[in-house]
Amino acid sequence: MPFDVKDILRQLDAGFAHEGGAPPWWQESWEDPEGFATALSEAHAGRGVPPPKSRPGQQYDFFHDLVVRHVGLERPAFRTHARIQGWQNVGFRTLHDLAARRASEWAEQGVEPGAKVCLVYGVGQELLVSLLATLRLGGCFTLLPPLGPRAMATRLEALTPDFIAAEPHQLPILRGHEKLLLKSRGGGAPGFTSHTYKPGDVVGLIFSPLVDPPHTPVSLTAEDAWKGALGDGMLTFGLAPGDVLAAPDFPVLQHLPALLFATLLRGATYLHLDMADLEHNPAPLLEAPLRALGVTPRLRDLLLKHRVGAMRNVLHWFRDPEEPYDAQAWRTWVKQCGLQAVPSSNILIDAAAGGAVLVSSRGVSDPHADVHTEVFPVPGRAWTLKDPNQSGQGAPTDVGAFTLLPDKGRPPGHVLLARIRSRYHYGGTQGFRHDGRTYPAKEVTAALEGLPFLMGTSVVPVSTGGLASQSRFILLAFTGHEPAPPEGEQEIKRRIEMLLGGDFLPDRIEFFPLFPHRKKGAVDDAWCASQFFTGALHRKSTDPMFQALTALRGRLLESAGNPGEDGPSSTG
């Protein structure tokens, strides 16, 4: 099918009313993804810079297309602002030189096409240089921001990397994998061309928080990564060389490297701002002209708290439709920051799929619809709605699980889409999730084993209901026949943060002076949830007779020296 990319870009900039559904070209792109990608690629080539080496469906040279073809622009590829150092810029030429030298050093240490390289960095220059060095060599990257040692061990065991790149101070969380560490001395001499990937080559293994369990590596093919970056750069965000994209507080594992790829592919600038610094002073967010700004509820509330006024530097802002739908809070923020006439959109990004998978129009077609639930599957991706019963069959109604095609080898879709006439609405998720992301309950309860005052733990998800509906995860902490110590909650939080990381903390902790039911030695989560939701745990923990039985049971278990396994008649 022929696609007029210039007209498509004009439509996207102007916006369109969702009532009529997706424009004809958008719907046709679902039927002809290959033709659509070819049309975008031809329009992307542009003038004044070397042409891209990648060809949709044939070959992909990420290092050339992300960096090499932009070295003559003399513009920053990456910007960041720190409270003490102020603004720091890294240009495309500098990025090219640093990554090429690092690739040369790594090649001498054995990194070759297909090698799995785990990058243990926070967002910053070191991550970007190492990511590009891996791509130059044809390696298979994995982004793994530093977590607690137990969480790191679980993910490294699942990944089995060939090499690890990390900064020296990260060694304590890599215990047992020191032999895999790559050395970077800064003295490499670049002298070889960059690698070209085939469409089906795995360019990355992603620990996506949208997957259950989240420590499962998901393959990202070269074709998905490059086409996703191309579509997002041109259509989702409308980036041009020199534009700036920022998404403070967007979870790294869900959104990177997709946002980086989309930005660099278009010769634009990725701006990284740390939330801790913005909480101290949000002024840096107002200084740079932003072609696209990602806003989370936490950033929204921070800007409301600081009474930030007109954000004249923002040309388009977007939110994740899986975040709580608190329309009143969003509209209060829009009014305070003077963004009523600024385009806004819903954008759901999954780095394991190559980028955005659900988007809405970014034009201002209705000033009262700046916050809405409408989304469409992204242009240029084949998709379907599957039956929510997870049978694999197509959805028999107008509500189904959004599924990218081909779906073989992909994690099952978790987003429910509701079709109303020709419009689509985000309808929630399959199962309980935190803003679309899975909560690693098993990792959390395993990390708490061995705390002396705990007889067992279980995590129960609860829906809050209402328009801002979201899931909260409550940790049920059973303390046996003794009450929880005064510092019990702090000790649990400290253990989770130390072994796993702050992102693993539950929303709430509930203590019960009871023994949990067990099956085959493990806490029976189904029993715990049933007892919690029916109020049985609360009643038992406050009933004098039941507490006396619990105390007796505790004494018997102490004398036996083994908690054993509960039978059906268990009282706790």
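## Helix α10 and its surroundings

How many of the residues of α10 are buried? In this predicted model, the count is 8 of 8, so to speak of α10 as mostly covered is fair by the buried cut-off of under 20% relative accessible area. Going through the helix by name, the buried residues are A258, L259, L260, F261, A262, T263, L264 and L265.

Both ends of this helix have something to look at in the backbone. Ahead of α10, P257 sits in the loop that comes after α9 (252–255), and the peptide bond joining L256 to P257 is cis, with omega about 10°. On the other side, α10 is followed by G267, where phi is positive, near 70°.

## How α8 meets α10

Part of what touches α10 is helix α8, which covers residues 222–236; α10 itself covers 258–265. The two helices pack at an angle of about 65°, and their axes are 8 Å apart. As for handedness, the crossing of α8 past α10 is right-handed.

Which residues in α8 meet α10? From α8 they are A225, W226, A229, L230, D232 and G233, and they meet F261, A262 and L265 in α10. Sorted by type, the residues of this contact come out as 7 nonpolar, 1 polar and 1 charged. The three from the α10 side, F261, A262 and L265, also appear among the buried residues of that helix.

## Backbone oddities elsewhere

A bit of background first: most residues other than glycine have a negative phi, and most peptide bonds are trans. With that in mind, here are a few spots to check in the viewer.

The bond from D212 to P213 is cis, with omega near -5°. P213 belongs to the loop between β6 (202–206) and β7 (218–221).

Then there are two arginines with positive phi. R307 has phi near 55° and is placed in the loop between α13 (297–305) and β11 (317–319). R421 also has phi near 55°, and its loop runs between β17 (415–420) and β18 (423–429). Are these side chains buried or exposed? R307 is exposed at 72% relative accessibility, and R421 is exposed at 78%.

## Cysteines without a bridge

How many disulfides does the model have? The count is 0. Take C118 as a worked case: its closest cysteine sulfur belongs to C140 and is 10 Å away, which is too far for a bond because a disulfide needs two sulfur atoms within 2.5 Å.

C118 is buried, with a relative accessible area of 0%. C337 is another buried cysteine, and its relative accessible area is 0% too.

## S458, a buried serine with a polar partner

S458 is part of strand β19, residues 456–463. The residue is buried, with a relative accessible area of 0%. Its side chain still has a polar partner: there is a polar contact with the side chain of D525, at 2.7 Å.

What else is in contact with S458, leaving aside neighbours within four places in sequence? The list is T445, I474, L475, L476, V523, D525 and C528.

## I509 and L182

I509 is found in strand β21, residues 508–512. At 10% relative accessibility, I509 counts as buried. Setting aside neighbours within four places in sequence, I509 is in contact with L475, A477, E489, I492 and K493; L475 also turns up among the contacts of S458. For a sense of spread, I509 and A268 are 241 residues apart along the chain, and their C-alpha atoms are separated by 44 Å.

L182 brings together parts of the chain that are apart in sequence: L182 and E105 are 77 residues apart along the chain, yet their C-alpha atoms are 8.9 Å apart in space. L182 lies in the loop between β5 (163–166) and β6, and it counts as buried at 9% relative accessibility. Beyond its neighbours within four places in sequence, L182 is in contact with W106, Q109, V111, V117, F163, I164 and A165.

Definitions and conventions
Residues are numbered from 1 along each chain as its sequence is written. This is a predicted model: local features need pLDDT of at least 70, side-chain atom pairs count only at pLDDT 80 or more; totals for chains, interfaces and linings use all residues. Side-chain values use heavy atoms; hydrogens and water are left out. Axes are lines fitted to C-alpha atoms, for helices over the stretch in contact, and angles run from 0 to 180 degrees between N-to-C directions. Helices (H or I, at least four residues) and strands (E, at least two) are DSSP runs, numbered from the N terminus. A crossing is left-handed if the near helix is turned anticlockwise from the far one by less than a right angle, and right-handed if clockwise. Contact means heavy atoms within 4.5 Å. Ala, Val, Leu, Ile, Met, Phe, Trp, Tyr, Cys and Pro count as nonpolar, Asp, Glu, Lys and Arg as charged, and the others, Gly among them, as polar. Buried means under 20% relative accessible area, exposed over 50%, partly exposed in between (1.4 Å probe, protein chains only). A polar contact is a pair of N or O atoms within 3.5 Å; within protein, one must be able to donate a hydrogen and the other to accept it, and residues adjacent in sequence count only if both atoms are side-chain atoms.
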